[in-house]
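Me: I'm new to reading protein structures, and I'd like a close look at how the aromatic rings and the parts around them sit together. Could you walk me through that slowly?

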Amino acid sequence: MRAYHLETLGAIDGIVPRESDRPEPGPREILVRVRAVSLNKRDLLIMKGTYPLKAVPDVIPVSDGAGEVVAVGREVTRFAVGDRVAGTYFPNWVDGRITPALFDQPGASLNGMLTEYARLDQEGAVRIPDHLTWEEAACLPCAGVTAWHSLTGGEPLTPGQTVLTLGTGALSLFTVQFAKMLGAEIIATTSSAVKADRLKALGADHVVNYAENPEWGLAVRELTGGRGADLVVETNGPDTIEQSMRAAALYGHIVLLITGNPRRPGIEISNAAYAASLATIRRVFVGSRAHFESLNRALALHGTRPVIDRVFGFDEVHEAFRYYESGVAFGKVVIRVA
């Protein structure tokens, strides 16, 4: 089989292809013929050596992938040959709260999905909805599950409540789609008129141009009759948390996904913004297998499909990483393995 390995940290060219024998599944493992993978920001951070969970030497990169089960171990009960599956972001986190003992992740401390055949523990995989293509299913494990967990993992979101999303990253696009499935009113932000139209086509009820409205928190309040957003999915952290707090309803919830960046290593909220609020800030880090399975049931019911920007071939891995790193994509960047 062919697989890519992170041979040298620091540059995309450090991800190199290699051939080896096809693995055999252990007693409680499944062997998956990987059909497609998708890229996330964490894959770039791992490649650069700046991700909190350090990569083991020579690891196979990328957390997100989907494919077909081609062999099962003798003790496997959850899957059979022919099942369509995706791997989970935290293979050991089945349900409940995460603990440090469950932190292992594919593409970092475990081998990932950028390979023709992936060996997965049966507990670290889920069946994928029948209506999704391989490429669409490969988009879900990180950004899709994170968006779903953000919307459903805290106080229940009820129809008619307002959800605020920031920008047009893949996670924000998922949030727009899933919030619409849940019956929410959606306000999104962008600086692009073209992207504003695409956000509305995806389900956003209102779009605020943050370049034209630097105090966009006030604009969100105006759109909600002064009440503010019930739930803010905060994907930019230090750069936007102040306005997110100002945009949130009195008892709103802010799901905080990013806590620092190279320019601002921490979160700062002014006294004026937080003292006037009773909003709750909740941290989310992807989700459990149970979150993923719940998402898949909802996707199957509604027929929702992820937004894919571009699909690359298995021989174009470096090009795919560079394109993703450029930040121009509207939707997921996918690599077709077979």
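**Aromatic rings and the core around them**

Reply: Happy to! Counting ring pairs by the distance between their centres, we get eight aromatic pairs. Please keep in mind that this is a predicted model.

Let's take one pair and look closely. W148 and F178 meet edge-to-face, with 5.9 Å centre to centre and 80° between the planes. An angle over 60 degrees counts as edge-to-face, so the 80° of this pair fits that label. The two partners come from distant parts of the chain: W148 belongs to helix α3 (residues 140-152), F178 belongs to helix α4 (residues 170-181), and they are 30 residues apart. Both W148 and F178 are buried. Elsewhere, Y89, F90, W93 and F285 make up one aromatic cluster.

F178 also leads us to the core. The largest nonpolar core has 84 residues, and F178 is one of those that touch the most other members, along with I30, L114, F321 and I335. There is also a second, separate core of 17 residues, with I187, A219, I241 and I254 among them.

Now follow another ring, F321. Apart from its neighbours within four places in sequence, F321 is in contact with I12, I15, L39, D43, L44, V62 and L114. Three of these names are worth following: D43, L44 and V62.

D43 and L44 are in helix α1 (residues 41-48), where R42, I46 and M47 are buried as well as D43 and L44 themselves. The buried residues of α1 pack against β1 (2-6), β2 (15-19), β3 (29-38) and α10 (317-326). Just after α1 comes G49, with a positive phi near 80°.

V62 sits in the loop between α1 and β4. V62 is not a glycine, yet its phi is positive, at about 80°. Is V62 buried or exposed? V62 has 1% relative accessibility, so it counts as buried. The loop between α1 and β4 (64-72) also holds D58. D58 has a positive phi too, near 65°, and is a residue other than glycine. With 32% relative accessibility, however, D58 counts as partly exposed.

Finally, look back at L114, a contact of F321, and then at the residues around L110. L110, N111, A118, R119 and L120 lie nearest the centre of the second largest pocket, which is lined by 22 residues. Strand β6 (residues 117-121) gives the largest share of that lining, five residues. The lining is a mixture of nine nonpolar, eight polar and five charged residues, and the volume of this pocket is about 430 Å³.

Terms used
Residues are numbered from 1 along each chain as its sequence is written. This is a predicted model: local features need pLDDT of at least 70, side-chain atom pairs count only at pLDDT 80 or more; totals for chains, interfaces and linings use all residues. Side-chain values use heavy atoms; hydrogens and water are left out. A nonpolar core is a set of buried Ala, Val, Leu, Ile, Met, Phe, Trp, Tyr and Cys residues joined through side-chain atoms within 4.5 Å. Buried means under 20% relative accessible area, exposed over 50%, partly exposed in between (1.4 Å probe, protein chains only). Contact means heavy atoms within 4.5 Å. On a 1 Å grid over the protein atoms alone, a cavity is a set of points where a 1.4 Å probe fits but cannot get out, and a pocket is an open set with protein on both sides within 12 Å along at least five of seven lines; lining residues have an atom within 4 Å of a point. Grid points are joined across faces, edges and corners, and a volume is the space filled by probe spheres set on the points. Helices (H or I, at least four residues) and strands (E, at least two) are DSSP runs, numbered from the N terminus. Ala, Val, Leu, Ile, Met, Phe, Trp, Tyr, Cys and Pro count as nonpolar, Asp, Glu, Lys and Arg as charged, and the others, Gly among them, as polar. Rings of Phe, Tyr and Trp (its six-membered ring) pair if their centres lie within 6.5 Å; planes under 30 degrees apart count as stacked, over 60 as edge-to-face and the rest as tilted.
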